[in-house]
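Trainee: Could you go through this one with me before I start on my notes?
Mentor: Gladly; ask whatever comes to mind.

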Amino acid sequence: MSGDADSRPSGPLGGLKRRAGEVSERAREFWAGASRWQRWLVYLLLIGLAVLAPLPGIGAVMSPFTDWTSLLFNPIGIYVLLALGLNVVVGYAGLLDLGYVAFFAIGAYTMAYMTTTYGFTFWPTLVLSVAFASVSGVILGAPTLRLRGDYLAIVTLGFGEIVRITAVNTTAIGGARGITNIPHPPDIFGTEFLLDPLPYYYVVLGLIVLTIVFSTRLEHSRVGRAWAAIREDEDAAELMGVPTFKFKLLAFAIGALVGGMAGGVFASKVIFIEPNNFPFILSATILAAVVLGGSGNIPGVIFGAFLIAWLPERFRGFAEYRILFFGAALVLVMALRPEGILPSRRRRAELRSGTGGLGALGAEVVGPTDTEAVTGQKTTGEVQR
Amino acid sequence: MGGLAFGSIYALIALGYTMVYGVLRLINFAHSEIFMIGTFASLFVLNMVGLTGPLTGFALVGMLALLCVVAMAASGGAAVLLEQVAYRPLRKNGASRLAALISAIGASIFLQELFALIVIPKVFHRPQQGGRLPVPAPRLVNRDVLFSIGNANVRTDQLLVVVAALVMMVALNLVVNRTRIGRGIRATAQDPEAAVLMGVSIDGIVRLTFLLGGAMAGVAGVLYLMEFEVTNYFVGFALGIKAFTAAVLGGIGNLRGALLGGVVLGLIENWGAIFFGSQWKDVIAFLILVVVLLFRPTGILGESLQKARA
C-alpha cells in the first residue's frame, strides 16, 4: 500500500487512508499465509454470520425503518447475487455490460410465465430461467462481442432497453401491467414459502454461496487466466493462442446465468412483476456495486453490493434526500478510491502500472504489469499530467 | 420533418458526447443531465419574461437568442463544474475509465435528484411533491404549416429547430477547425502526450471541451422546450441514451458523425413509428444501431476527431 500513499498528498484523510491500507494489507498477508483449516474457519464464520443475519437484534440496528428480513432478501441478497454475476463479466473478463438487468428480467419473466401459464413448479422453472438467460446471453454476445469496449457498452445498454420495451409491448406476457399471481415455491422440509421473506433469504444465501464457489473456482482455472489475459490485453491474448471470442462469450453466458437465477427467485418472491421492475438504472446500480466494491475481487464485490443496497434503506429517515446523497457518495468514493473499496490485487497492480486509464488521457491499452507494479510501487514509465 | 427536428436535437446533444469522448475517451454519462439543466434554464427565462402568447418575427428571434445564451451559459457552466468535481480528481489519480463511468452515473443521479427535490419545487414554485411531475412551458412559436413538400408538412417550429441546430453546428465546426483553441482540442484528441509537449494545457482543453459540449446541450434544451413545451427532472435520460446512440451510430469522436447519426436516428425512428407503431420506435432505433455496428464497427463515418474531419 506504500505506493498508494506516496502518490497522493497526505493530510488527515491521507493518514486515515494509510491506516486503512495497512489493515487491509495485514488481512491480505494473513490470508495468503493462512492454512487450510484457518480458511475454512473464516468461511464458516462468514456463513454463520450470514445465517444469523436476520435476527431481530441485528435488524433493529441495521434497519430501524423497514423490515430487516425483507431487506436482506431484496435488495441486499438480490443485489449481491447480481453483482457476483456481473463481476464475472466486468471484473474477470473486463467487458463493460450496461444492460445486465436484461438477464435478470429474462429470468424473472421465464419464472412468471412458465409457472402461471403452464403450471410448472419453482425448481424446474428456476433451471429454465437460468437456461433461457444464458442462451439469451449467448444470443446477445455472439454478434456483439467482436465490438470494442465502449461500443459493447452501448449495445448492451440497447439490449437492456429492447428487452424492457418488448416486455411492455407484448400482451402475451402482460404488457405494461406485467404478470400477477406468480406461485410461491413448494415447501422444503416443511418450510412454507409464503409471504415471509425469511425462507427466500436462505434460498438466495444458498445461491450466493454456490455462485461464490463457482466463480472462485473459475477465476483460478484455465478459464479465469484466459479472462485475465483478455482483460489486460486482448490482442496479446489472441496472439498467445487464447480463443478470446469463445472465452468472452463464456463470460457473458455465465454472467447471464447468474442474472437469470436471481430473476427467477425474485419473481417467485414478489408474486407480481412488471417491466418497470427492470429499468436501466438497476443495471447502472449493479455496475456501481461491482466497481465501488472493487471489481474482480469477490469480498469487495459483495461488500459493494451490500453497501449500495443497504445504505439508501438505512437512511430512509432522511426520506427523499437519500438518493441525492447516494449519487454524491458515488462521486466521492470514486474520487478518493478509484480502484474500489476492496480492490483485487491484480487489478490494483494494473492501476498502479499507470499507463492505462484516464491518467494518461485516453491510452486504451493497460500498461505492462511488471514485477515492480505487482508489489504496489509506482513504475517509472508513468506518463501523466 | 418531425424526424428531422428530433434528429437535430439528438445531434446537438450527441456533439457533447462525441467531443468529450474524442478528447478523454470517456462516456460522459452525466451529459444528459446537462441537457436537462438547459431545458430548465430556458424555462426559467420564459417564466421571468412572463410570456403571454406565441411570438413572431424579430421578437421571436430575439427571444430565442436570449434563451440560447442563458441556456448555453447554464449548461456550459454546469458541464465545467461537473468536470471539475466528478472527473478531474479521477484523472489526477490515474483511475480506470470504469471508475469515471461510475462517478458519472453518481453525478447524474445527484443532479436528477437535486432538481426533483430542491430546484423544481423552490425555483419553479411547485409543491414539494410536485418536483417529480412534468413542468409545462408556455407556447413560444405557433404551429403553422409553412409549406409542404410532397405530403410532408413543414411547420414553423420544426423549421426553427432544424435551422437553429444547423447554425450551432456550423459555429462549432468553425471553432474546432479554424481557431487556436480548436487546434488544441484536435491535438489533444489525436495524441495527448504530444499535445502536452507542444505546450497545450490539457486541463484547459478538457475544460473547454466540456464547456462547448455543455453549451450545445443547452441549445438542445431550448429547442426541446420550444418543440415539446414540457420538461421534467428525468427528461435527459431517454434523450441522452438516444443521443449517445446517435453519436455511436455516426462514429463517436467525430463531429460530423454526430450530426449524421442524429439525423439518421431521428428519421429512422419516425419511419419505424409509421410502419410498426410508435411503441416500437426505441427498439427499432437500437436494432439499427446493432446492425450498423456489426457491419461498420466504428460507426458510419468512423472515429476521427483527430483527423480533423470535424
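**Two chains, from overall form to single residues**

Trainee: What share of the residues of chain B counts as buried?
Mentor: Keep in mind that this is a predicted model. In chain B, 56% of the 310 residues count as buried.

Trainee: And what share is buried in chain A?
Mentor: For chain A, 47% of its 385 residues count as buried.

Trainee: How many helices and strands does chain B have?
Mentor: Chain B has 11 helices and 4 strands. Its radius of gyration is 19 Å, close to the 19 Å that the globule rule gives for 310 residues, so chain B is as compact as a globular protein of that length. Taken along the principal axes, the C-alpha atoms of chain B fill a box of roughly 55 × 45 × 35 Å.

Trainee: How many helices and strands in chain A, then?
Mentor: The secondary structure of chain A comes to 17 helices and 0 strands. Of the contacts in chain A with a separation of 6 or more, 74% are between residues 24 or more positions apart, and in chain B the corresponding figure is 77%.

Trainee: How many residues does each chain bring to the contact between them?
Mentor: The contact takes 44 residues from chain A and 44 residues from chain B. On the side of chain A that touches chain B, the elements giving two or more residues are helix 7 (122-144), helix 8 (149-169), helix 13 (280-293) and helix 15 (321-336) of chain A.

Trainee: Which of those gives the largest share?
Mentor: Helix 8 of chain A does, with 12 residues. By class, the side of chain A that touches chain B has 29 nonpolar, 12 polar and 3 charged residues.

Trainee: Changing topic: where is confidence lowest and where is it highest in chain A?
Mentor: Confidence in chain A is lowest in helix 17 (residues 371-374) of chain A, at a mean pLDDT of 36, and highest in helix 6 (residues 101-117) of chain A, at 92. Over the whole of chain A the mean pLDDT is 78, and 82% of the residues reach 70 or more.

Trainee: Over which residues of chain A does pLDDT stay under 50?
Mentor: One such stretch is residues 353-385 of chain A, for which the model nevertheless has 75 contacts beyond four places in sequence. Residues 1-10 of chain A also have pLDDT below 50, with 19 contacts in the model beyond near neighbours in sequence. Where pLDDT is low, the predicted coordinates should not be read in detail.

Trainee: Back to chain B: at what angle do helix 1 and helix 9 pack?
Mentor: Helix 1 of chain B and helix 9 (residues 235-250) of chain B pack at an angle of about 70°, with their axes 8 Å apart, which makes these two helices of chain B roughly perpendicular. Among the residues making the contact are Tyr10(B), Ile13(B) and Tyr17(B) of helix 1 of chain B and Leu239(B), Ala243(B) and Phe244(B) of helix 9 of chain B. The residues of this contact divide into 10 nonpolar, 2 polar and 1 charged.

Trainee: And at what angle do helix 5 and helix 6 of chain B cross?
Mentor: The axes of helix 5 (residues 156-178) of chain B and helix 6 (residues 180-190) of chain B cross at roughly 75° and come within 5 Å, so helix 5 of chain B is roughly perpendicular to helix 6 of chain B. The contact includes Val175(B) and Arg178(B) of helix 5 of chain B, together with Ile181(B) and Ile185(B) of helix 6 of chain B. By class it has 4 nonpolar, 2 polar and 2 charged residues.

Trainee: What about Cys68(B), buried or exposed?
Mentor: Cys68(B) is buried, because 22 other C-beta atoms lie within 10 Å and the cut-off is 20 or more. Cys68(B) is found in helix 3 (residues 57-93) of chain B and, leaving aside residues up to four places away in sequence, touches Val219(B) and Val222(B). Cys68(B) and Ala220(B) are 152 residues apart in sequence, yet 8.9 Å apart in space, C-alpha to C-alpha.

Trainee: Last one: which phi does Arg25(B) have?
Mentor: Arg25(B) has a positive phi of about 55° although it is not a glycine. Arg25(B) sits in the loop between helix 1 (2-24) and helix 2 (31-49) of chain B, and it counts as buried, with 23 C-beta neighbours inside 10 Å. Glu229(B), in the loop between helix 8 (202-228) and strand 4 (230-231) of chain B, likewise has a positive phi of about 55° without being a glycine, but with 15 C-beta neighbours inside 10 Å Glu229(B) counts as partly exposed.

Note on methods. Residues are numbered from 1 along each chain as its sequence is written. Chains are lettered from A and ligands numbered from 1 in the order in which they are written. This is a predicted model: local features need pLDDT of at least 70, side-chain atom pairs count only at pLDDT 80 or more; totals for chains, interfaces and linings use all residues. The radius of gyration is taken over C-alpha atoms; the globule rule is 2.2 Å times the number of residues to the power 0.38. A residue is buried if 20 or more other C-beta atoms lie within 10 Å of its own, exposed if 12 or fewer, and partly exposed in between; C-beta atoms are placed from the backbone. Two residues are in contact if their C-beta atoms, placed from the backbone, lie within 7 Å. Ala, Val, Leu, Ile, Met, Phe, Trp, Tyr, Cys and Pro count as nonpolar, Asp, Glu, Lys and Arg as charged, and the others, Gly among them, as polar. pLDDT is the predictor's confidence in each residue, from 0 to 100. Axes are lines fitted to C-alpha atoms, for helices over the stretch in contact, and angles run from 0 to 180 degrees between N-to-C directions. Angles under 35 degrees count as roughly parallel, over 145 as roughly antiparallel, 65 to 115 as roughly perpendicular and the rest as oblique.
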